[in-house]
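Here are a few exercises to work through at your own pace. Have a look at the model first, then try each task before reading its solution.

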Amino acid sequence: MLVPPIMILGGLGLLFGGGLYFFSRLFHVEQDPRLEEILSALPGANCGACGFPGCSGLASALLEGKAEASACLVGGEEVALRIAKILGVEVKVREKQVAVLRCRGSVVERRFDYTGIKTCMAAHALAGGDLACPWGCLRYGDCVLACPFGAIKMIGGFPWVDEAKCTGCGNCVKACPRGLFILELLQKTVHVLCRSREKAKDVLKVCKVGCIACGKCVEACKFNAIHVNNYIAEIDYEKCTSCGACAKVCPTHAILNFRGERKERGILPSPKRNTKESVLSQTSEGME
Amino acid sequence: MDYVLIFISIAFVNNFILSKFLGLCPFIGVSKKRSEAVGMGLAVIFVMTMASQVTWVVNRYLLLGGEQNLFYAIFGRSKGISPESFDFQYLKTIVFILVIATLVQIVEMFLMKAAPPLYKALGIYLPLITTNCAVLGVSLLNAKDFMNIQSVSESFLKSTVQGFGGGVGFTVVLYLMSGIRERIEKYPIPKALRGVPIAFISAALMALAFMGFAGMGSK
C-alpha cells in the first residue's frame with residue numbers, strides 16, 4: 001500500500017501544476033514588460049527600506065512615476081542606473097550608506113537581573129532597561145534579527161556591523177529602542193560612538209569608553225564640524241572631512257576613525273564625486 | 001432543517017474566529033477598514049465554499065477507504081483487496097493544503113483578469129488566504145463531520161453549506177470588528193494599547209458575546 005499515496009500526491013501535484021499553467025495562459029493579463037525588468041533589477045530582499053510594500057510594490061511605483069529611480073537604498077548606484085536605463089530617466093546617484101552603532105560599551109554592567117523576554121525592546125520598556133548606562137547598547141540583539149542581510153553579528157555579546165554586507169536599508173535604525181544606529185555615508189569615517197547625555201562623572205561610573213563631553217575634539221577640529229551639546233559630542237557631517245583629528249585626541253576613545261578598517265577591507269569608496277550632491281542621511285535627523 | 005442548522009452552527013455558534021480561533025491573522029490584519037473587510041470577507045466566502053467542494057471530492061474519491069475509492073476501483077476490486085485498506089486519511093492535511101493553495105492561485109489569476117479593482121483592493125490578502133487556517137479548518141471539519149454520510153448528494157451539500165456558512169460567519173465577524181476598530185481609532189486609548197493590542201481586547205470581548213450562542217440548537 002505504498003503506491004497509492006505516492007500516486008495521490010504526485011498525481012495531484014502534476015494535475016495542479018498543469019492546471020495552473022493552463023489557467024495562467026487562459027487568464028493572462030498583459031502587463032508592462034518593464035515591470036518584469038525592473039523587478040529583476042531590484043535586489044529582491046523585500047526589506048521595505050524604500051517605503052513601498054516589497055520590491056514588487058516599488059517596481060509598480062517606479063512605473064507610475066511615484067518613486068525616484070534611486071529609491072532602492074539597498075541596490076545603490078548599480079541598481080539605480082539599471083532602473084534609470086529601463087525607464088529612460090535621469091538619476092541622481094545616491095551614495096552608499098552604512099549603519100553605525102553609536103555605542104562601544106560592550107562591558108557595561110547590568111543594574112539588575114532581567115529575566116524577561118530577551119529582546120532590547122522589552123528590556124528597554126522595563127524601568128528604562130537593565131543596563132547601568134541608560135543610553136547604551138542593551139546587547140539583546142534586536143538589530144541582529146532586524147537585519148535582512150545578515151550584516152549585524154553578535155561578536156563577544158556585542159553587535160558588530162559588517163559594513164561590506166550592510167546596505168543601508170535602515171531596518172536596524174528602526175529596531176533599536178535606544179536609537180543607537182545612524183545611517184551615514186560610507187566615506188564619512190569618523191563617528192562619535194556614544195549617545196550618553198549624562199555628565200562626565202556619571203558616564204565614567206558605568207563606562208570607560210563613553211563621551212565625557214571634555215571638548216578636546218571641538219578644539220582639535222579645524223573645520224568647526226564637531227560640537228558638544230547636552231554633554232555629547234556631535235559631528236556635523238556636512239562640514240566633516242573625516243580627517244580624524246578628533247578621534248586622535250579623544251581621551252576615552254569614544255570617537256573612532258573607521259578609515260583604516262574600511263580601507264583594509266577594501267570597502268572605502270574612492271573620493272571621486274562631489275559629496276555635496278549626494279543625499280544626506282534622512283533618518284539620522286529623525287532620530288535626534 | 002439540517003442545512004439551516006449547519007449554517008447557523010458554523011456561522012455563529014461555532015464561529016471560526018470567535019469560538020474556534022482560526023483565521024486570526026486576516027482578522028487582525030484586514031479589519032482596519034470596513035471596505036477592506038468586506039472585500040476580504042467575500043474572497044474568504046468564495047474560497048471556503050470552493051475549497052469545501054473540491055476537498056470533498058478529493059477526500060471522498062481518493063483518500064477515504066471504501067467502495068467509492070478510485071484506487072479500490074482500479075487496483076483493489078480485481079485483486080480482491082478489501083476496500084478498507086484503501087484508506088489514506090492520514091494524507092488529508094497535506095493534500096488539502098495543496099488543493100487550497102492551487103485554488104487560491106487560480107482565483108487570484110481569475111480576479112486579475114476579470115476584476116482588477118477587486119484584485120487591487122485585496123492586494124496581499126488574497127494570497128494570504130492560501131495560509132488562512134480557517135479554510136484548511138473547514139475542509140478538515142467537513143472530512144470529520146460529513147464523510148460518513150452514505151448519500152453522495154447529502155454529504156456534498158452539507159459540506160458546501162458548512163463551507164459557505166463558515167465564510168459568512170468569518171465575514172460577519174470581520175465586518176463587525178472593522179466597524180469597532182474604525183470607531184476605536186477616535187478614542188483616547190493609552191499609548192501602549194493602541195493598534196493591535198486594543199484590537200485583541202475588543203476581539204476577546206466579542207468572543208465573550210458570541211459565547212451567548214453556545215448551546216443554541218441542542219435538544
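**Exercise 1.** Check the length of helix α4 (residues 76-87) of chain A against what its twelve residues should span.

*Solution.* Helices here are DSSP runs of H or I, at least four residues, numbered from the N terminus. The expected span is 1.5 Å times one less than the number of residues, so the twelve residues of α4(A) should cover 16 Å. The end C-alpha atoms of α4(A) lie 17 Å apart, which agrees.

A word on the set-up: this is a predicted model, where local features need pLDDT of at least 70 and side-chain atom pairs count only at pLDDT 80 or more, while totals for chains, interfaces and linings use all residues. Residues are numbered from 1 along each chain as its sequence is written, with chains lettered from A and ligands numbered from 1 in the order in which they are written.

**Exercise 2.** Which residues of α4(A) are buried (20 or more other C-beta atoms, placed from the backbone, within 10 Å of their own), and what do they pack against?

*Solution.* Start with the list: A80(A), I83(A) and I86(A). Down the helix axis, the directions to their C-beta atoms fall within an arc of 125°, so these residues line one face of α4(A). They pack against α2 (33-41) and α3 (54-63) of chain A.

**Exercise 3.** What phi does G88(A) take, just after α4(A)?

*Solution.* G88(A) has a positive phi of about 70°.

**Exercise 4.** How many helices and strands does chain A have?

*Solution.* Count strands as E runs of at least two residues: chain A has twelve helices and eight strands.

Terms used: Buried ≥ 20, exposed ≤ 12 C-beta atoms within 10 Å, placed from the backbone. Contact = placed C-beta atoms within 7 Å.
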